[in-house]
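Let's take a walk through this protein together, one spot at a time. Have the sequence and the structure open side by side as you read.

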Amino acid sequence: MTVTIKTAEEIEKMRVAGRLAAEVLDMIEPHVKPGVTTDELDKICHDYIVDVQQAIPAPLNYHGFPRSICTSVNHQVCHGIPGNRRLKNGDIVNIDITVIKDGFHGDTSKMFYIGKSSVAGRRVCEIAHEALWIGIGLVRPGTRLGDIGAAIQQHVESRHASVVREYCGHGIGRGFHEDPQVLHYGTPGTGMTLKTGMTFTIEPMVNAGRADVKVLADDWTVVTRDHSLSAQWEHTILVTEDGHEVLTLRREELEAKTLGVA
């Protein structure tokens, strides 16, 4: 496993790409409401990334993916292709954004509640969000990847939900997907040791039911086999000398950090 340690100049470019990805999620939020199609959300994001940010939407044409963002609704786990589906009251949707700026990638995703959320929808989203931040909290030089995966798994399963095994976080930089693979389950004290200058995503996919998933006929959209709800949140993380830096913080997260709440 070859992991790229980023230079100071590369880290600064990663910060820019991460900030742009977060800004797309901030921008799209007012548009994510009942009646909108996921294709409309894709077009708004595409135009913003290309025309306003002067950046590149990384998913578009990546191994043939046909859109600029991923939209995964309800029991869709990840890699949902935007289309003519209209979001309706009670839906939950993950919007996954990756931008390329000056050759570097920023990757992040967020769950959105459509109208009045169901108790079940809010619960699975909250468990996945908690799991993300538990994993991020462990990032520092000397931590093993197995420590992160085990902590995420323990939290999710303690809440009687399940962690998807087939998809994981990943190194990121000049490449969309680099080493290492960041599993969201595992054994403490195992796996690669984190070092200053590493950049990777943590993005736990959490199912309200069983962990089993399948890929639909479009060869992209991953869904839960038991049709249970699924949720995912994602951030791009830098390992610093004394801990970590989240490169894709959104506006409300930055405000919370300033106020000392996060």
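Ser228 sits in the loop that runs between β12 and β13. This is a predicted model, so treat every number below as computed from it. Is Ser228 buried or exposed? Its relative accessible area is 12%, and since anything under 20% counts as buried, Ser228 is buried. Its side chain reaches the backbone nitrogen of Gly209 at 3.1 Å. Leaving aside residues up to four places away in sequence, Ser228 touches His75, Asn207, Ala208, Gly209 and Arg210, so Gly209 turns up both as a contact and as the partner of that side chain.

Go back along the chain a little and you get to Asp218, in the loop between β11 (213–215) and β12 (222–224). With a relative accessible area of 33%, Asp218 is partly exposed. The side chain of Asp218 makes a polar contact of 2.6 Å with the side chain of Thr221. If you want a sense of scale here, pick Asn74: it is 144 residues from Asp218 along the chain, and their C-alpha atoms are separated by 17 Å.

Now for another serine. Ser72 belongs to strand β2 (residues 70–73), and at 3% relative accessibility it counts as buried. Which backbone nitrogen lies 3.2 Å from a polar atom of the Ser72 side chain? That would be the one of Gly80. Gly80 is also among the residues that Ser72 touches, and the others are Val77, Cys78, His79, Ile92, Val93 and Asn94, again not counting residues up to four places away in sequence.

Next, have a look at what the records say. UniProt, in an unreviewed entry, places the feature "domain: Peptidase M24" at residues 12–241. Over that stretch the chain is 28% helix and 27% strand, and the C-alpha atoms at its two ends are 15 Å apart. For "binding site", also in an unreviewed entry, UniProt lists Asp96, Asp107 and Glu234. Why can these be said to gather at one spot? They span 139 residues in sequence, yet no two of their C-alpha atoms are more than 8.1 Å apart, so they come together in one place. Asp96, Asp107 and Glu234 are also included in the lining of the largest pocket.

Take two of these listed residues in turn. Asp96 lies in strand β4 (residues 92–101) and is buried, with a relative accessible area of 11%. Among the residues that Asp96 touches beyond four places in sequence are Ile69, Cys70, Thr108 and Ser109, as well as Asp107 and Glu234. Glu234 is in the loop between β13 (230–232) and β14 (235–240), and at 1% relative accessibility it counts as buried. The contacts of Glu234, with residues up to four places away in sequence left out, include Asp96 and Asp107, and also Leu132, His170, Thr201, Ile202 and Glu203.

What about the pocket itself? About 470 Å³ of space lies in the largest pocket. It is lined by 25 residues, and those nearest its centre are His79, His170, Phe176, His177 and Glu203. The elements that give two or more residues to this lining are β4, β7 (169–171) and β8 (178–182). The largest share comes from β4, with three residues. Some of these names have come up already: His79 is one of the residues touched by Ser72, while His170 and Glu203 are both in contact with Glu234.

Last stop, a helix. Helix α3 (residues 119–137) has 19 residues and reaches 27 Å from its first C-alpha to its last, close to the 27 Å expected at 1.5 Å a residue. The buried residues in α3 include Gly121, Val124, Cys125, Ile127, Ala128, Ala131, Leu132, Gly135 and Ile136. Leu132 is a name you have met before, as one of the contacts of Glu234. Val119, on the other hand, is in helix α3 but counts as exposed, at 73% relative accessibility. Its C-alpha atom is separated by 9.4 Å from that of Gly90, 29 residues away along the chain.

Note on methods. Residues are numbered from 1 along each chain as its sequence is written. This is a predicted model: local features need pLDDT of at least 70, side-chain atom pairs count only at pLDDT 80 or more; totals for chains, interfaces and linings use all residues. Side-chain values use heavy atoms; hydrogens and water are left out. Helices (H or I, at least four residues) and strands (E, at least two) are DSSP runs, numbered from the N terminus. Buried means under 20% relative accessible area, exposed over 50%, partly exposed in between (1.4 Å probe, protein chains only). A polar contact is a pair of N or O atoms within 3.5 Å; within protein, one must be able to donate a hydrogen and the other to accept it, and residues adjacent in sequence count only if both atoms are side-chain atoms. Contact means heavy atoms within 4.5 Å. UniProt positions are given in the numbering used here, feature names are shortened, and annotations may be inferred rather than shown by experiment. On a 1 Å grid over the protein atoms alone, a cavity is a set of points where a 1.4 Å probe fits but cannot get out, and a pocket is an open set with protein on both sides within 12 Å along at least five of seven lines; lining residues have an atom within 4 Å of a point. The expected span of a helix is 1.5 Å times one less than its number of residues. Grid points are joined across faces, edges and corners, and a volume is the space filled by probe spheres set on the points.
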